[in-house]
Amino acid sequence: MSLEDRVRELAVEVQPSGEGAVAEAGERHLALAKPPGSLGRLEGLGARLAGMAGESPPPVPGSPAVVVCAGDHGVLDRGVSPWPREVTAAMVGNFCGGGAAVNAIARTVGARVSVLDVGVAGELERHPSLRGARVRPGTDDLSRGPAMGREEAARAVLAGAGVAEELVESGGVDLLVVGDMGIANTTPASALISALTDHPPEETTGRGTGIDDETLNLKVRVVREALELHGPDPADPLGVLAAVGGLEHAAIAGVILMGAACGVPVILDGVVSNSAALVAGALAPDSLGYVIAGHLSVEPGAKIALDHLGLEPLLDLDMRLGEGTGGLLAVPLVQAAARLLVEMATLEDLGFG
Ligand SMILES: Cc1cc2ncn([C@H]3O[C@H](COP(=O)(O)O)[C@@H](O)[C@H]3O)c2cc1C
Ligand SMILES: O=C(O)c1cccnc1
């Protein structure tokens with residue numbers, strides 16, 4: 001079986017989240033000891049968690065993990081980011097050493113950090129939290145040719161899916177957060193969002209790590225050239241990924257598909273994971289029933305992608321880092337949304353039934 005077929009097989013494994021449990025949780029919220037609707041969006045989130053688990057009340061997720069997917073990008077040669085490629089490998093080392101923003105926030109919310117090398121260009125030291133599944137040492141320049149081959153894109157999707165499966169099946173993880181590391185990776189994120197939402201590059205392209213006006217204009221031009229060169233077809237998500245995506249974007253799509261197939265909620269981070277969710281949703285529309293938008297990144301493509309997916313972000317903190325940082329901050333909200341349904345007394349318990 002080809003790797004593409006295996007991705008398709010995984011997509012077919014995703015079951016729709018349970019409408020019955022969603023309705024039951026909605027009923028329960030009306031009965032709990034509070035004015036109806038007073039917990040705001042936490043009520044709808046709790047009902048969605050019930051749907052994902054297929055039962056109301058839903059279990060309270062107590063074992064979260066972030067999967068930081070890392071890769072490098074040939075399009076960096078066009079000057080779309082001010083940072084050198086070597087920062088990607090250095091930051092992967094930093095994730096393993098515990099000194100990155102994602103590590104500090106993971107410790108705050110009690111999440112494990114797992115790092116997946118699907119496409120880093122440099123040498124990496126071995127480390128227990130680092131999974132090596134390097135498909136190739138970075139993509140090619142997507143503005144001059146395909147970023148990667150279709151089978152390579154499929155291999156990266158399956159690498160992400162494999163890590164998610166291991167965390168859930170052997171590690172007891174019941175809540176996944178996706179994160180990214182890869183210098184220049186906001187360029188393929190914009191290209192994916194334009195290709196899959198039909199918004200033009202001027203709207204989906206942002207300043208990434210913090211580029212000036214001149215570099216932003218160049219970045220928009222590079223994304224436009226890539227779209228003109230490939231004419232990506234939204235009906236062929238793997239083709240879109242291979243033409244204008246990135247290896248970590250592919251791996252994140254794989255984590256989403258496997259999380260959904262296992263019935264585990266997946267919290268998105270910023271624009272890179274938002275673009276990957278568009279790919280996952282195009283491969284398996286039902287996977288979106290298991291996806292939660294953790295926060296709204298400052299990158300303009302983030303809002304376009306989330307609107308297209310029909311997802312409302314839980315937090316809006318003006319963050320634009322990636323790594324999984326904004327997604328992790330939403331973990332306590334997700335846990336609280338489930339715990340409210342599990343632990344609150346009802347009005348009837350209080351004698352007001
Ligand atoms: C030190 C450092 C740490 C980071 N952690 C995440 N990113 C984020 O910034 C990069 C994408 O932005 P652009 O497309 O502008 O290059 C990615 O590596 C992303 O994960 C970082 C970037 C840097 C420089
Ligand atoms: O939205 C993000 O996650 C993001 C923004 C800028 C750079 N890297 C990531």
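**Note on a predicted two-domain model with two ligands**

1. Start with Ala-184. This residue counts as buried, because 30 C-beta neighbours sit inside 10 Å, and the cut-off for buried is 20 or more. Keep in mind that the model is predicted. Ala-184 is found in the loop between β4 and α7. Its phi is near 85°, a positive value in a residue other than glycine.

2. Now set Asp-318 beside it. Asp-318 also has a positive phi in a residue other than glycine, here near 60°. Is Asp-318 buried or exposed? Asp-318 counts as exposed, because it has 8 C-beta neighbours inside 10 Å, and the cut-off for exposed is 12 or fewer. Its place is in the loop between α13 and α14, the latter spanning 325-329.

3. Next, the domains. The domain assignment of the protein chain gives two of them. Domain 1 is made of 3-59 + 339-343. Domain 2 runs over 64-333. Taken over C-alpha atoms, the centres of the two domains are separated by 25 Å. Their contact takes 17 residues from domain 1 and 21 residues from domain 2.

4. Look at the side of domain 1 that touches domain 2. Helices α1 (3-13) and α3 each supply at least two residues there. Which element gives the largest share? That is α1, with 7 residues. By class, this side has 10 nonpolar, 4 polar and 3 charged residues.

5. Two helices, α2 and α3, deserve a look. Helix α2 covers residues 19-31 and helix α3 covers residues 41-53. They pack at an angle of about 145°, and their axes are 7 Å apart. The crossing of α2 and α3 is right-handed. From α2, the residues in contact include Glu-19, Val-22, Gly-26 and His-29. From α3, they include Glu-43, Gly-46, Arg-48 and Ala-50. By class, the contact of α2 with α3 has 6 nonpolar, 4 polar and 4 charged residues.

6. Ala-21 shows this packing for a single residue. Ala-21 lies in helix α2. It counts as buried, because 21 C-beta neighbours lie inside 10 Å, and buried needs 20 or more. Leave aside its neighbours within four places in sequence, and Ala-21 is in contact with Ala-50, Gly-51, Ala-53, Gly-54, Glu-55 and Ser-56. Ala-21 and Met-52 are 31 residues apart along the chain, yet their C-alpha atoms are separated by 8.5 Å.

7. Stay with Ser-56 for a moment. The peptide bond from Ser-56 to Pro-57 is cis, with omega near -5°. Pro-57 lies in the loop between α3 and β1, which spans 64-71.

8. Now ligand 1. How many residues are around ligand 1? There are 17, and Ser-81, Thr-186, Gly-208, Thr-209 and Gly-322 come nearest. The elements that give two or more residues to this shell are α4 (86-97), β4 (175-181) and α7. By class, the shell around ligand 1 has 7 nonpolar, 8 polar and 2 charged residues.

9. Ligand 2 comes next. It is surrounded by 13 residues. The closest are Gly-270, Val-271, Ser-297, Arg-320 and Gly-322. Gly-322 is thus named among the nearest residues for ligand 1 and for ligand 2. By class, the shell around ligand 2 has 4 nonpolar, 6 polar and 3 charged residues.

10. Then helix α13, residues 300-309. Which of its residues are buried? They are Gly-301, Ala-302, Ile-304, Ala-305 and Leu-306. These buried residues pack against α7 (186-197), α8 (201-204), α12 (271-283) and β6 (291-293). After α13 comes Gly-310, whose phi is positive, near 70°.

11. Last, Gly-145. Gly-145 lies in the loop between β3 (130-132) and α6 (150-169). It is partly exposed, because 13 other C-beta atoms are within 10 Å; that count falls between the cut-offs of 12 or fewer for exposed and 20 or more for buried. Gly-145 and Ala-226 are 81 residues apart in sequence. In space they are 7.9 Å apart, C-alpha to C-alpha.

Key: Residues numbered from 1 in each chain as written. Chains lettered and ligands numbered in written order. Predicted model: local features only at pLDDT ≥ 70, side-chain atom pairs only at ≥ 80, totals over all residues. Near = placed C-beta within 6 Å. Nonpolar A, V, L, I, M, F, W, Y, C, P; charged D, E, K, R; others polar. Helix = DSSP H or I, 4+ residues; strand = E, 2+ residues; numbered from the N terminus. Contact = placed C-beta atoms within 7 Å. Axes fitted to C-alpha atoms, helices over the stretch in contact; angles between N-to-C directions. Left-handed = near helix turned anticlockwise from the far one by under 90°. Domains from an automatic or database assignment.
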